[in-house]
Amino acid sequence: MSTALASATLFRFATAGSVDDGKSTLVGRLLHDSKAILADTLDAVARTSADRGFGGEKGGLDLALLTDGLRAEREQGITIDVAYRYFATDRRSFILADCPGHVQYTKNTVTGASTADAVVVLIDARKGVLEQTRRHLSVLHLLRVPHVVVAVNKVDLVDFSESVFRDIEADIRRVSKELGIGTAPDHADVLVIPVSALDGDNVVDRSPRMPWYQGPPLLEVLETLPAADELEDEHEAFRFPVQLAVRPQGALAPDAVARGLDVEAYRDYRAYAGQVAEGTVTVGDSVVVLSPGHEPRTTTVTGIDFAGTSLQTAFAPQSVALRLADEIDIARGDTIAAAGTVGESSADLYGSVAWLSSKPLREGARVFVKHGTQTVKAIVRTVSGKLDLDSFEVQPTTGLELNDIGEVQIRLAAELPLEPYAKHRRTGAFLVIDPADGNTLAAGMVKEHPGDSEDERYWI
Amino acid sequence: MSTQTFSEELEVENVTQTGDQLVEGLSADSPEAAHRASEERASVSKPRGEAAESPSANDNRLGTLDALEAEAIHIIREVVAEFERPALLFSGGKDSVVMLHLATKAFWPGKVPFPVLHVDTGHNFPEVIDFRDRTVERLGLKLVVGSVQEFIDRGELQERADGTRNPLQTVPLLDAIQKNKFDAVFGGGRRDEDKARAKERILSLRDEFGQWDPRNQRPELWNLYNGRHTVGQHVRAFPISNWTELDIWRYIERENIELPGLYYAHEREVFRRDGMWRAVGEVSLPNPGEEVITKLVRYRTVGDMSCTGAVESDAADVAAVVVEVAASTLTERGATRADDRISEAAMEDRKKDGYF
């Protein structure tokens, strides 16, 4: 295990791939070669590898065993669910969401990509860009993942051929361009790296077997790419979904009181707790409070508290509590935002949804929409299109099935400060929830409001 | 509601009174620690004027511990806001101590707004029980205890042949959850602990039998946690899912968090079993042929005395432990937990049954 510095930053990435492209092996290799795997875990892998005759007479470690955690996964030799892995270098602590490729790839990829700073997509060098690769890239584009790293794996099986790699690289560039990845305004970029996960070429260290590849190995790329917050902080205005009001009303923490907290001064304490979703706030800033059913109310931030410490400034993704100059009725689900930066709230939500449930979506469906800290009743008025992941064209439809990506118009029971996901990865996201059993039906991304509703047919 | 009143009469609990006696030693949230934490933050975030004049990508970056802390506090607040009766599993072990510390920060200057729940195996280290009681008193919390011993005494649970009581905690835990109508239970589980836990959601649904269905979990998207559940179901919430053992120790060091003394090197009478050093105690006696010796040891995990092993260590304070953990070549569970050695899927099987 690396003795990473306490000041290292956090970087979240996900892996996505197709069947048998060696993704679990690559993840195992990253963990193994960065020394995140401890001796007892490795012993267990070695025992099981030997029991199963992995690698034939040559022997070796089946690194996929490091990540396939569930009994059924090991028995079937497949990865079923997203698994989270942790390792650190001197520069960064990594959270890796390992997303299986074959069953429910959309569900798993969307899940892993939603919080990722980067996604590593695996391609088998012998197979090149497959239909599923195009689908993965399409999903990653929709989710606005800041960096896409394509690892062209198993280059050892094509004799480390530069021409094979260059052909695949050109295909990826072409597909990315078709999709619009790497074009403004999103800052996604696509990097392509030739690797052999089985032998470790270009994973942690640069491979001597591919002198034609001049770029950095995969781990170095992951260590140096800017994280989403670094990219977004600069141009985003302050957004703060209120989680709850902190109003002790005499029920002060006894340990704080015992250490001298001024009981009188805190008798009427009131602050609004939440996590800064975007941007920065500073004491003295003018803010608006957005609450469903109210006109936006303007006030001033008088204090930023964090567990007994007063901060001058807070920024995403800090969890803090804000004190405001005016006594306003503020509840969970309201949003505090930088004054002069918000558009009108709306009860008409236009969005893309990745449908993640086996229960199909039909027009007229009654659902809950969770946006920020607000959950409201909603009706899906229209399902206006379904994305064909192969042609990237939107086909007309009136319903969506599991793993479909489509476009919908949803009528909300309250007006919410909706912002387009393309520009606001945190405040443009929403969940569609089944009121019957509470399950998450879809991952939603707010689209630009198309102006006046062109279609009132489905008004309910 | 009348049913609720009825259930409260049935609660198995020890309500500790808030005394005026101060806990000695290092306090979990001392002003010094808060000040130090704020200084560390100040070093990454620039004062207003500077930041506004020269925006640069690296001005506003949280370090790993601050990012993990912000995430955990967000999760704790979400659960408190969305559930009616949350509770926090508190064993006195380091992960639950860190989780409780995060809860005090999340609701400062208010009290932690939920009770803590401890499943007492009857085989706990006495100093850990003592630490538990002092912590509960210091923070003015309500403590609910589920007792494995009572279930054994009533014949509802059977002692295992190997004497290990950790797997027996599931029934008293589910019983306490049901009787108290807890709809969300915070657990200190971390995904780096075990391969099954690596697949766990941050908010994880349990059916009316308390079971986990790993093949049918809700997708967890962005930081939008969906805690909706139907009657009879409850949710386990894991705010420190993304912390590693080393993160926990670095945080304990940074925040000056008090832990039970057995996490630090001390002399203890031990004997060797299953490749681990076991403490000699009333419920943990050596078999004939197992030699008792005195060794300098510490515990990396604190569970039931009958299945938790000590490691040889001279790490007498938190700084030394951080160095030791960073250099360790064994996982904490591999090194110290007999119950996880039962089979490769030991944790998965227990979790499916409702274990935490």
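In this predicted model, A:P317 sits in the loop that runs between β13 (313-315) and β14 (319-324) of chain A. The peptide bond leading into this proline, from A:A316 to A:P317, is cis, with omega near 0 degrees. Chain B has a cis bond too: B:W108 and B:P109 are joined that way, with omega about 0 degrees. Here B:P109 falls in the loop between α5 (94-107) and β3 (116-120) of chain B. For context, most peptide bonds are trans, and most residues other than glycine have a negative phi.

That brings up the backbone angles. A:K154 is not a glycine, yet its phi is positive, near 65 degrees. This lysine belongs to the loop between β5 (147-153) and α6 (162-179) of chain A, and it counts as buried because 22 other C-beta atoms lie within 10 Å. Over in chain B, B:K181 also shows a positive phi, near 55 degrees, and is part of the loop between α8 (170-179) and β5 (184-186). With 16 C-beta neighbours inside 10 Å, B:K181 comes out as partly exposed. A:G340, in the loop between β15 (335-338) and β16 (346-355) of chain A, has just 10 such neighbours inside 10 Å and so counts as exposed. Computed along the chain in residues, A:G340 and A:N153 are 187 apart, and their C-alpha atoms are 49 Å from each other in space.

As for chain B overall, its secondary structure adds up to 12 helices and 11 strands. Of its 356 residues, 53% are buried. Among contacts between residues at least 6 apart in sequence, 77% link residues at least 24 apart.

One helix pair in chain B is worth a look. The axes of α9 (residues 245-255) and α10 (residues 318-327) come within 9 Å and cross at roughly 165 degrees, so α9(B) and α10(B) are roughly antiparallel to each other. Their crossing is left-handed. On the α9(B) side the contact involves B:E245, B:L246, B:W249, B:R250, B:I252 and B:E253, which meet B:V318, B:A319, B:V321, B:V322, B:V325 and B:A326 of α10(B). By type, the residues of this contact split into 9 nonpolar, 3 charged and no polar.

Finally, the largest nonpolar core holds 207 residues, and the members touching the most others are A:F13, A:V119, A:V148, A:V150, A:A151, A:V152 and B:L88. The biggest contribution to this core, 10 residues, comes from helix α4 (residues 64-82) of chain B. Neighbours within four places in sequence aside, A:A151 is in contact with A:L26, A:V120, A:L122, A:I193, A:V195 and A:L218.

Note on methods
Residues numbered from 1 in each chain as written. Chains lettered and ligands numbered in written order. Predicted model: local features only at pLDDT ≥ 70, side-chain atom pairs only at ≥ 80, totals over all residues. Helix = DSSP H or I, 4+ residues; strand = E, 2+ residues; numbered from the N terminus. Buried ≥ 20, exposed ≤ 12 C-beta atoms within 10 Å, placed from the backbone. Contact = placed C-beta atoms within 7 Å. Axes fitted to C-alpha atoms, helices over the stretch in contact; angles between N-to-C directions. Parallel < 35°, antiparallel > 145°, perpendicular 65-115°, else oblique. Left-handed = near helix turned anticlockwise from the far one by under 90°. Nonpolar A, V, L, I, M, F, W, Y, C, P; charged D, E, K, R; others polar. Core = buried A, V, L, I, M, F, W, Y, C linked by C-beta atoms within 7 Å.
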